[in-house]
Amino acid sequence: MAERTTTHDGRRLEAVADEAAPVELSTAPADAAGELGVLSAPRRMRARSGAFPDGASQRRYWIVLAVLVVLAAGAALGLLAIGNPMPVGSRGFWLIAEMRVTSLVVMAVVAICQAVATITFQTVTNNRIITPSIMGFESLYTVIQTAAVYTLGVAGVVALQGPGQFLAQVAAMVGLSVLLYGWLLRGRYANIQVMLLVGIIMGGGLGAVSTFMQRLLSPSEFDVLSARLFGSVTNASAEYLPFAIPLVIVATTLIWLNARTLNVIAMGRDVCINVGVDHGRQTIYSLVLVSVLMAVSTALVGPMTFFGFLVATLTYQLAGTHDHRRLLPLGALTGFVVLAGAYFVMNHVFYAQGVVSIIIELVGGTVFLVVIMRKGRL
Amino acid sequence: MITIDKVRKEYRSATGTVQIGPVTTDIPSGGVTALVGPNGAGKSTLLTMVGRLLGIDEGQIEVAGYDIASTASKDLAKILSVLRQENHFITRLTVRQLVGFGRFPYSKGRLTRLDEQKISEAIDFLNLDDLEDRYLDQLSGGQRQRAYVAMVLAQDTEYVLLDEPLNNLDMRHSVQMMGRLRDAARELGRTVVVVLHDINFAAHYADHIIAMKEGAVVEAGPVARIMDGEVLTRVFDTPVQVVEGPTGPLAVYY
């Protein structure tokens, strides 16, 4: 932020230099303008090289961010306060609100995981129509859940609850994807397209195994299972959060620190190597972090196939920049607004709790189509 | 100087195994060196191997005394820049932002005042100043090509490798591009290595020509030596006559 402001001021001063006598310019803060003025013969306002090409798109970004913060706060307050039977401010009100805070925290964790993971994944794969959830995370989750119910009956759902089981599921999902990346992205025929294809096919295969086992379940067992297989924040238990939050903080921080490199990775392999970025290593590093985020989100609330994709697509439209240092925070915020907004609508408008993934997919799909139709590009 | 020593590369393509080399040749410092030859001669492969975009099976390539296999890629990025003929581009990126990526080896994405100055110089050098705030998807193929060349020039490397920079360019823009590349070599002291399809462009704008055929270097030397009917006929496997044109030797092959 600071360096861009300096540049901007420098440019502005340079523009002023056109009217003023150049001798006057050697005063303290104007040294930038002086130097640049000498070098670029026809002195004029240059475009910017930072995250935003001009002031208008930068202002637009901050306005969008501010609006999203307001919306996020509104949805959060709405979820805490509306439908709370106790008078606002009383002890009972806060007791009930506190219980709801857990699901808000879960929403925030899921929003950050899905948004950051999807944007990073799409950048690394140079593909904006896929989402990391197709890489087998959700199918693996489904297989684990189904197998538990298949072998242990309804008790299987209970058997999979608890911090240890949560961490084991995260570890299984990260392990599977690291295996996949390690196998397919190293060595002679390293190819990201092949990795994606193998990931999708493995997901399909695991999905088929789940479907087969589901066929053999009794109706009541199937009923219990299908509640687990709809992505829902009510699936998450507060006892997972002390494990989920540190994982998310670490993975997100590492991605954030790597954001400038992600900007280069988005340019493709050749440009990466040209400017000295180790493309292969960076790809695997980013994908491992993505898999941690996806695994946490999936183990926490279940499959959210369309959510990350929707959030990433919206974020690109809203941000108006290629810079991941701007995209990632906006994405996380957009994710929270979408998720909390969907819960708010479902809880207080339609009185249909627990089917939020349906509204996300419905609204998300519509938004996606509208964007494609209107803009003609992703 | 770029030293290419017994470099060999084998890869599988749709038509079978292609073998390049063993190639041993030197590319002198300074000036423009053109790699010419028929399709499939291995010009682009050799160029991308020198630019470390493609690994080599055997042999050694040294750029300014640095072995490209053992020198850290981020250090090489300050000595050598390389541009392929086709580049993936992001829509939400302006020309100036693209050129800014050329400064990544120095500033790792935190552009300093010096970076800004180098970016402006590269943009002005390729006459892109009117287009610098345009998004890449609003440009024609030729303009985008120029923007990418500006990016590698902003990288401020002694060696600049370009794979078919005239691809997609019409006559006027081809002439302008080659003129600018020659100026980059003469005024900015860069060593420019280009893969060219048109032997006459090479003859006029290059200082040295390396002629390749079937994965091997068949002739290398100053333009005057290569611009010879007998040599070109052998390289291109098609009858070529060299005549004296108004601006220098011209190859006539049709």
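**Exercise 1.** In this predicted model, determine which strands helix H7 of chain B lies across, and at what angle H7(B) runs to S8(B).

*Solution.* Start with the helix: H7(B) spans residues 171-187. Next, list the strands beneath its path: S3 (31-36), S7 and S8 (191-195) of chain B. Last, compare directions: H7(B) runs at about 155 degrees to S8(B).

**Exercise 2.** Work out the strand order of the six-stranded sheet in chain B and find its edges.

*Solution.* Read the order: S6-S7-S8-S3-S9-S10. The sheet is open and its pairing is mixed. Now take the edges. Strands S6 (80-83) and S10 (216-222) of chain B each pair on one side only. Then add the twist, which averages 15 degrees from one strand to the next.

**Exercise 3.** Describe how S6(B) joins S7(B), and name the helix that packs on the sheet touching both.

*Solution.* Count the bridges: four join S6(B) to S7(B), residues 159-163. The two strands run parallel. Pick out one pair: B:Leu83 has B:Leu162 in S7(B) as its bridge partner. Now the helix. H6(B), residues 141-154, packs on the sheet and touches S6 and S7 of chain B. Its direction makes about 170 degrees with that of S6(B).

**Exercise 4.** Characterise the side of chain A that touches chain B: which elements build it, and what residue classes does it hold?

*Solution.* Begin with the totals: 31 residues of chain A are in contact with 34 of chain B. Helices H1 (2-19), H2 (31-39), H11 (259-265) and H12 (269-274) of chain A give two or more residues each. H12(A) gives the most, with four. Finally, sort the chain A residues by class: 11 nonpolar, 12 polar and eight charged.

Conventions: Residues are numbered from 1 along each chain as its sequence is written. Chains are lettered from A and ligands numbered from 1 in the order in which they are written. This is a predicted model: local features need pLDDT of at least 70, side-chain atom pairs count only at pLDDT 80 or more; totals for chains, interfaces and linings use all residues. Two residues are in contact if their C-beta atoms, placed from the backbone, lie within 7 Å. Ala, Val, Leu, Ile, Met, Phe, Trp, Tyr, Cys and Pro count as nonpolar, Asp, Glu, Lys and Arg as charged, and the others, Gly among them, as polar. Two strands pair if DSSP finds at least two bridges between them. Axes are lines fitted to C-alpha atoms, for helices over the stretch in contact, and angles run from 0 to 180 degrees between N-to-C directions.
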